[in-house]
Amino acid sequence: MNGSILITSKETEFGKNLAAIFAREGYEVFSPDSVVAQKITKLDFFAETTDFCNLTADNFSISSGIDGEIIEKTFRKNVIKPMATLEKFLPLLEVGETKRLFYVSSAEASINETCDAIGYGYKMSKIALHQFLQMLRNDLAPHGFTFRIFDPLPKKINPQIAAESAFMYITRRRGTENNDPNRDDETSLALRDAEGRHHAW
């Protein structure tokens with residue numbers, strides 16, 4: 001085996017494909033429930049693949065009126081639950097070999113790249129996730145943890161292709177981009193998409 005990975009959610013095609021690729025490549029793949037059931041004692045990789053987005057309901061704007069319940073539900077799924085899940089399994093990652101954390105996000109949540117006026121709940125939840133990840137990195141990087149933030153470009157790229165891209169990003173050292181130390185994914189947080197592009201937060 002090449003190591004072990006906890007994939008938190010397979011609710012999306014991307015999550016299902018990512019789990020299948022890790023299994024194909026010889027990794028032990030666990031869900032939160034299976035880690036507990038099998039009494040796993042250590043984990044190498046942690047992939048938070050939760051990406052709750054319901055634009056059918058989350059299609060309001062300031063002018064049309066904001067639905068606080070939708071915003072709260074989205075925030076809980078995309079921020080609060082991932083925080084709690086990592087907290088639960090962090091002791092297993094601390095004794096693992098790789099200590100790499102992977103999170104699904106969206107470039108559309110970037111202040112620089114938000115181009116429309118809908119999706120308040122989703123985009124605000126991802127911005128909150130970014131802030132959590134920055135604080136998390138400040139806490140865990142000195143202890144050997146590294147981070148991967150990834151936009152699978154749903155509805156733009158085939159989820160199988162996106163998952164293949166994510167697998168490569170998770171399992172390899174990215175290194176610097178254009179010899180710029182500020183774009184070294186091992187020493188700073190970087191949001192990259194399924195096509196390998198670097199995005200502003």
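The exercises below, each with a worked solution, concern the predicted model of this protein.

**Exercise 1. Overall form**

Determine whether the radius of gyration of the protein agrees or disagrees with that of a compact globule.

*Solution.* Step 1: the chain length is needed, and the protein has 201 residues. Step 2: for that length, a compact globule would have a radius of gyration near 17 Å. Step 3: the value for the protein is 17 Å, and therefore the two agree. Step 4: further values complete the description. The C-alpha atoms fill a box of roughly 55 × 45 × 35 Å along the principal axes, and 49% of the residues are buried. The accessible surface comes to about 10,300 Å², and carbon and sulfur atoms account for 51% of this area. Of the contacts between residues at least 6 apart in sequence, 73% join residues at least 24 apart.

**Exercise 2. Strands and sheet**

State how many helices and strands the protein has, and in which order the strands form the sheet.

*Solution.* Step 1: counting the elements gives five helices and seven strands. Step 2: read from the N terminus, these elements follow the pattern β-α-β-α-β-α-β-α-β-α-β-β. Step 3: within the sheet, the order of the strands is 2-1-3-4-5-6-7; the sheet is open and its pairing is mixed. Step 4: strand 2 and strand 7 (198-199) are the edge strands, since each pairs on one side only.

Step 5: the neighbours of strand 1 (residues 4-7) can now be examined. Strand 1 pairs with strand 2 (residues 28-30) in the parallel sense over three bridges, and Leu-6 has Phe-30 as its bridge partner there. Strand 1 also runs parallel to strand 3 (residues 45-48), to which three bridges join it. In strand 3, Phe-45 is the bridge partner of Ile-5.

**Exercise 3. Side chains of strand 1**

Decide which residues of strand 1 point one way and which the other way, and whether they are buried or exposed.

*Solution.* Step 1: a general rule applies, namely that side chains in a regular strand alternate between the two faces of the sheet. Step 2: in strand 1, Ser-4 and Leu-6 point one way, while Ile-5 and Ile-7 point the other way. Step 3: all of these residues are buried.

**Exercise 4. Two lysines with positive phi**

Find where Lys-39 and Lys-99 lie, and decide whether each is buried or exposed.

*Solution.* Step 1: most residues other than glycine have a negative phi. Step 2: Lys-39 has a positive phi of about 55°, and Lys-99 likewise has a positive phi of about 55°. Step 3: Lys-39 is in the loop between helix 2 (32-37) and strand 3, whereas Lys-99 is in the loop between helix 3 and strand 4 (100-104). Step 4: Lys-39 has a relative accessible area of 70%, and is therefore exposed. Lys-99 has a relative accessible area of 16%; as buried means under 20%, Lys-99 is buried.

**Exercise 5. The surroundings of Leu-101**

Establish in which element Leu-101 lies and with which residues it is in contact.

*Solution.* Step 1: Leu-101 belongs to strand 4. Step 2: its relative accessible area is 0%, so Leu-101 is buried. Step 3: neighbours within four places in sequence are set aside; the contacts of Leu-101 then include Phe-46, Leu-86, Leu-93, Leu-136 and Phe-147. Step 4: Arg-137 is 36 residues from Leu-101 along the chain, and their C-alpha atoms are separated by 9.7 Å.

**Exercise 6. Salt bridges**

Describe where the partners lie in the salt bridges Lys-16 to Glu-13 and Lys-126 to Asp-51.

*Solution.* Step 1: the count of salt bridges comes to nine. Step 2: in one of them, Lys-16 and Glu-13 meet at 3.5 Å, N to O. Both residues lie in helix 1 (residues 13-24), three residues apart, which is about one turn of the helix. Lys-16 is partly exposed at 41% relative accessible area, and Glu-13 is partly exposed at 46%.

Step 3: in the salt bridge of Lys-126 and Asp-51, the closest N and O atoms are 3.0 Å apart. This pair links distant parts of the chain, 75 residues apart: Lys-126 is in helix 4 (residues 120-140), and Asp-51 is in the loop between strand 3 and helix 3. Both Lys-126 and Asp-51 are buried.

How values were computed
Residues numbered from 1 in each chain as written. Predicted model: local features only at pLDDT ≥ 70, side-chain atom pairs only at ≥ 80, totals over all residues. Heavy atoms only, no water. Helix = DSSP H or I, 4+ residues; strand = E, 2+ residues; numbered from the N terminus. Rg over C-alpha atoms; globule rule 2.2 N^0.38 Å. Buried < 20%, exposed > 50% of the residue type's maximum accessible area, 1.4 Å probe, protein only. Contact = heavy atoms within 4.5 Å. Areas by Shrake-Rupley, 256 points an atom, 1.4 Å probe, with all protein chains shown as cover. Pairing = 2+ DSSP bridges. Salt bridge = Lys/Arg side-chain N within 4 Å of Asp/Glu carboxyl O.
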